[in-house]
Amino acid sequence: MKKFPSIITFLLILLAIYWSFKSAMPSYESDIDLPETSFSTDRALQHVKNISQKPHAVGFPAHKEVRQYVVSELEKMGLETSIQEGYTGGDWANLTKAINIMARIKGSEKGKALLLLSHYDSSPHSSFGASDAGSGVATILEGVRAFLATNTTPKNDIIILITDAEELGLNGADLFVNKHPWAKEVGLTLNFEARGSGGPSYMLIETNGGNSKLIEEFTAANPKYPVANSLVYSIYKMLPNDTDLTVFREDGDIEGFNFAFIDDHYDYHTAQDTYERLDKKTLAHQGSYLMPLLNHFSATDLTNLKSDSDYIYFNVPFFGLVSYPFGWIWPMFALGVLLFIILLVYGFKKSVLDVKEILKGFLPLLASLIINGLIGYYSWSFLKWCYPQYQDILHGFTYNGHAYIAAFVLLSITICFWIYHKFKKVSTPNILVAPIFIWLLLCGGVALKLQGASFFIVPTMALLASFLVIINQKKPSPYLLVFLALPALWIHTPFIKMFPVGLGLKMMVATTLLTTLTFFLLLPIFGFYKKKNRLAVLSLLLFAGFMISAHFNSGFSEESAKPTSLLYVLDTDTNSAKWATYEKYLSDWTSQYLGDNKSVPENLSDNTISSKYSTGFTYVSDAPMKQIMPPTVEKTWDTIIGNNRLLEICITPNRNVNRLEVFTSNQIEKANVNNVPLSDEFLANRRRGKLVTHYITDNTPTELSLTIPKDAVLELTLYEASNDLLNNPLFTVPERPKDNIPMPFVLNDAVLITKTVKFE
Ligand SMILES: [Zn+2]
């Protein structure tokens, strides 16, 4: 094959990859002048800006300001708002008082209502909540405004619910679904969320049953940029998740669509979740979902969205969301196997195929899979070894993470080209048998274990088609082969990026393996390339380029700040105080307190205050004693009933506090906290002795009502925290440098008092 246009086909492949990313989401252009009846990203951005002025977690002063802002914006549209307020504890005994905001647009018919959902609280204590979930609130405010401007009366009622305390324990959703009369009238929920500050917004279904009706209706609503697939849906269903919609599904059996973006994960729950860092395209993407869905579902019967059957679905350029029933999985797989056998027979008959050559074709395939698998598997450990500062980015996605993804994709391609160059004597038809075999094997595997991924059969079918072309013709059209490679490029390349973006750089192995597997699907084209070694060198150079660029961006700056953490821990039992941190790689700022005298804690870390990643303190050092008032603990009731002892204990803060955690190793039969019963399931499976976390507003006391065995002596350990270390007059901690941010997911900037109390 002399004149195979390698360069042109290679460029076409790059163009197809570019297009699969480019076409997934809208572009942003200033649209403030759009008519009132349209969704304007600029107008929504104004809401984001107003909401994200200050951190506004539950218990913080700006929390109330944001609530008042949302209420007044809804009222400006002529809507009547109402407030729902109450304590809930959720499944994990994260107790707080949530204050939900609601409004309702009356429909013309008496069907089920459509509910638009997002939350207005930000994550404690430093997040500005621009993306999470200011973007969601803004999308709904602007979308509802545009809808009302059209003066159409919807068939269904539209309920707007902006929940509170999502970040603490989904408390607002819990309160609404379990306590509000409107919850019974809801037929479908659209939830807008964020877990980063950019990238496409993924549609995720929440249902207790099958997804087929929901997919049919979603497709009928026809959003312009659907990004969704049943593989993510299957994985999502296997993981324990925690969005407000989970409560709607579990407690209310209400179906819903989640719209959430996950890229630039390093901004999530940090002081970098700001207006400036929210990708405008991403917000436009949220709007591009809401408007068609609002129009469709406000006019569609929502009483009948449940089904028993599931669909496979995925999005591709030009076709939007493609879906087909689960029932097709095995027939399609069987068809693939059958075609493969027929083509093998045909190939042998034509003397194009040869057993020995086919077997040789398995060597480069296995070698590249093994080498790239190992590279991917050890890459994150290796990077953390080279750059120990990455250990403090608890998200697991570094600021230069995208450069690493690009680098490891290129390194995988280098390995593939290099290995396949070594086997250039094996003819393309013979070399193709191994990839088809491995892909069919994979399709069989997912049909058994991960059915949502069964659309992998589509690129595999296209590979079989290329195989037919290549057996048939010695000089096939290169453009036909590129055309047949489109399913592989459009379906797989988004996943190559998505896995580490979504699950952290520790998932790089998914990237290197998927790159390798996609390379196999392109072998009908690459097989004809004479100079594979040159492409190996080219991609190796590009790999080096990305690694060098990542190296120069491996440090910290104002734009990519180091997460740092500092706490003052006062133990009132031993009358001693310590500085403590969760940092593994100490910053200069933290070293002021934990520099020379630091030690690895002994007792502090075992029973330490709970944190999202269960990270214990890494270092502590002695600190001066400060006059900080511990909470007052009063026993208000103590009696024996039958075989049980009933105790009522009131814990009242004596300073401005944000949260109180209570631990006990006692067996607890029943517990009520501020009149909220903790579930039996939680009490039976308490982790590390935690009884309750109370996120305190307005220094409200914590009232415990506990039932324990009759003769037991109750011992409680209290951890009372305030996030005021940096502005507490008792301390003179200097401000964080601009290239530091408070470490997210752990208690931070806190004055923490520990106290043990015994009730004989
Ligand atoms: Zn959120």
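## A short tour, starting at helix α4

Select A133 to begin: this residue lies in helix α4. Keep in mind as you click around that the model is predicted. Look at the link just before A133, where a cis peptide bond joins D132 and A133, with omega at about -5 degrees.

Now step back along the chain. Which residue is joined to P124 by a cis peptide bond? The partner is H125, and omega is about -5 degrees there. H125 sits in the loop that runs between β3 (113-119) and α4 (130-149).

**Next, D273.** Colour this one brightly, and find it in the loop between β7 (255-263) and α10 (280-297). Is D273 buried or exposed? Its relative accessible area is 1%, so D273 is buried. Setting aside neighbours within four places in sequence, show what D273 touches: S127, F128, G129, A130, S131, D132 and D267. You've already met D132, as it comes just before A133 at the cis bond. For a jump along the chain, add R195: D273 and R195 are 78 residues apart in sequence, and their C-alpha atoms are 10.0 Å apart in space.

**Two loop residues with positive phi.** Pick A93, in the loop between β1 (81-88) and β2 (94-105). Its phi is near 55 degrees, a positive value in a residue other than glycine. A93 counts as buried because its relative accessibility is 1%. Then go to S351, in the loop between α11 (329-349) and α12. Phi of S351 is near 60 degrees, again positive in a residue other than glycine, but S351 counts as exposed, at 63% relative accessibility.

**On to a helix pair.** From S351, carry on into α12 (residues 355-386) and select α13 (residues 401-422) as well. Their axes are 9 Å apart and the helices pack at an angle of about 155 degrees, which means α12 is roughly antiparallel to α13. The crossing of the two is right-handed. Show side chains where they meet: on α12, try G361, P364, L365 and I371, among others, and on α13, residues including Y404, F408, L411 and Y420. The residues of this contact split into 13 nonpolar, 5 polar and no charged.

**Last stop, a sheet.** Here 5 strands form an open, antiparallel sheet, in the order β14-β15-β20-β17-β18. β14 (632-641) and β18 (676-677) stand at the edges with a single partner strand each, so one side of each has no neighbour in the sheet. Zoom in on β14 and β15 (residues 644-652), which run antiparallel and are joined by 9 bridges. To see one pairing, select V633, whose bridge partner in β15 is I651.

Technical notes:
Residues are numbered from 1 along each chain as its sequence is written. This is a predicted model: local features need pLDDT of at least 70, side-chain atom pairs count only at pLDDT 80 or more; totals for chains, interfaces and linings use all residues. Side-chain values use heavy atoms; hydrogens and water are left out. Axes are lines fitted to C-alpha atoms, for helices over the stretch in contact, and angles run from 0 to 180 degrees between N-to-C directions. Helices (H or I, at least four residues) and strands (E, at least two) are DSSP runs, numbered from the N terminus. Angles under 35 degrees count as roughly parallel, over 145 as roughly antiparallel, 65 to 115 as roughly perpendicular and the rest as oblique. A crossing is left-handed if the near helix is turned anticlockwise from the far one by less than a right angle, and right-handed if clockwise. Contact means heavy atoms within 4.5 Å. Ala, Val, Leu, Ile, Met, Phe, Trp, Tyr, Cys and Pro count as nonpolar, Asp, Glu, Lys and Arg as charged, and the others, Gly among them, as polar. Two strands pair if DSSP finds at least two bridges between them. Buried means under 20% relative accessible area, exposed over 50%, partly exposed in between (1.4 Å probe, protein chains only).
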